Amino acid sequence: MPEEELVELKFRLYDGSDMGPFRYSPASTVSMLKDRIFAEWPKDKKIIPKAANDIKLISGGRILDNNRTVGQCRVPLGELPKGFIITMHVVVQPSLLKAKAEKKVDEVPRKHICACSIL
């Protein structure tokens, strides 16, 4: 594949630090990007995703779907200059189903006690 067809992406984490830039084919899926981000996540961060599905990528103000390709996610900017790097924002958000399941397991059953006094 010719080198000029590759897209350079960097990923901005929640604390303002960056990962990359990395080069991807326009046919690469968002799911592939998330897998790489998960594999190379810095271990010194306070927030660490538990799985690649906990990562959300935002580009052009939109959350990107896993099945979309990098070529489909690029905002039409016209002719990009050589060496232009696209920045995508990374948000770590655990899936709701996992969070609800963990919450139910962690909760201790409460006994309701009613104490009434009649004077």
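In which sense do β3 and β4 pair, and over how many bridges? β3 and β4 pair in the antiparallel sense, over 2 bridges. This pairing belongs to a predicted model of a chain with 3 helices and 5 strands. Along the sequence these elements follow the pattern β-β-α-β-β-α-β-α. The points below cover the sheet, its strand pairs, the helix packed on it, backbone geometry, salt bridges and overall totals.

**Sheet layout**

- The 5 strands form an open sheet, ordered β2-β1-β5-β3-β4, with mixed pairing.
- β2 (18-24) and β4 (62-63) are the edge strands; each has a single partner strand, so one side of each is left without a neighbour in the sheet.
- Helix α1 (residues 30-39) packs on this sheet and touches β1, β2, β3 (55-59) and β5. The direction of α1 makes about 120° with that of β3.
- Strands of a sheet pair through backbone hydrogen bonds, in either the parallel or the antiparallel sense.

**Strand pairs, from the β2 edge to the β4 edge**

- β1 and β2 pair in the antiparallel sense over 5 bridges. Within this pair, F11 stands opposite M19 in β2.
- β1 (residues 7-12) and β5 (residues 85-92) pair in the parallel sense, also over 5 bridges. Here K10 stands opposite T87 in β5.
- β3 and β5 pair in the antiparallel sense over 4 bridges. The bridge partner of L57 in β5 is V90.
- β3 and β4 form the antiparallel pair with 2 bridges. In β4, R62 is the bridge partner of S59.

**Faces of β3**

- In a regular strand the side chains alternate between the two faces of the sheet.
- In β3, I55, L57 and S59 make up a covered face, while K56 and I58 make up an uncovered one.
- Two residues of the covered face also appear among the bridge partners: L57 is partnered with V90, and S59 with R62.

**Backbone geometry**

- Most residues other than glycine have a negative phi, and most peptide bonds are trans.
- The hairpin of β1 and β2 has 5 residues between the strands, and in it G16 takes a positive phi near 95°.
- The hairpin of β3 and β4 has 2 residues between the strands, and in it G60 takes a positive phi near 65°.
- The peptide bond from G20 to P21 is cis, with omega near 15°. P21 lies in strand β2, which is one of the edge strands.

**Salt bridges**

- Side chains of opposite charge can pair when their charged atoms come close.
- The whole structure contains 5 salt bridges; those described here include R23 with E8, K10 with D18 and D18 with R12.
- R23 and E8 have their closest N and O atoms 3.7 Å apart. The pair links distant parts of the chain, with R23 in strand β2 and E8 in strand β1, 15 residues apart.
- Which partner in this pair is buried? E8 counts as buried because its relative accessibility is 17%, under the 20% limit. R23, at 43% relative accessibility, counts as partly exposed.
- K10 and D18 meet at 3.5 Å, N to O, and D18 and R12 meet at 2.5 Å, N to O.
- These salt bridges share partners and so join K10, R12 and D18 into one network.
- The members of the network are partly exposed: K10 has a relative accessible area of 22%, R12 has a relative accessibility of 27%, and D18 has one of 35%.
- K10 thus takes part in two kinds of arrangement, standing opposite T87 of β5 in the sheet and forming a salt bridge with D18 through its side chain.

**Whole-chain totals**

- Buried residues make up 24% of the 119 residues in the chain.
- Of the contacts with a separation of 6 or more, 59% come from residues 24 or more positions apart.
- The chain exposes about 9000 Å², of which carbon and sulfur atoms supply 56%.

Notes: Residues are numbered from 1 along each chain as its sequence is written. This is a predicted model: local features need pLDDT of at least 70, side-chain atom pairs count only at pLDDT 80 or more; totals for chains, interfaces and linings use all residues. Side-chain values use heavy atoms; hydrogens and water are left out. Two strands pair if DSSP finds at least two bridges between them. Contact means heavy atoms within 4.5 Å. Axes are lines fitted to C-alpha atoms, for helices over the stretch in contact, and angles run from 0 to 180 degrees between N-to-C directions. A salt bridge is a side-chain nitrogen of Lys or Arg within 4 Å of a carboxyl oxygen of Asp or Glu. Buried means under 20% relative accessible area, exposed over 50%, partly exposed in between (1.4 Å probe, protein chains only). Accessible areas come from the Shrake-Rupley method with a 1.4 Å probe; for residues, only the protein chains shown count as cover.
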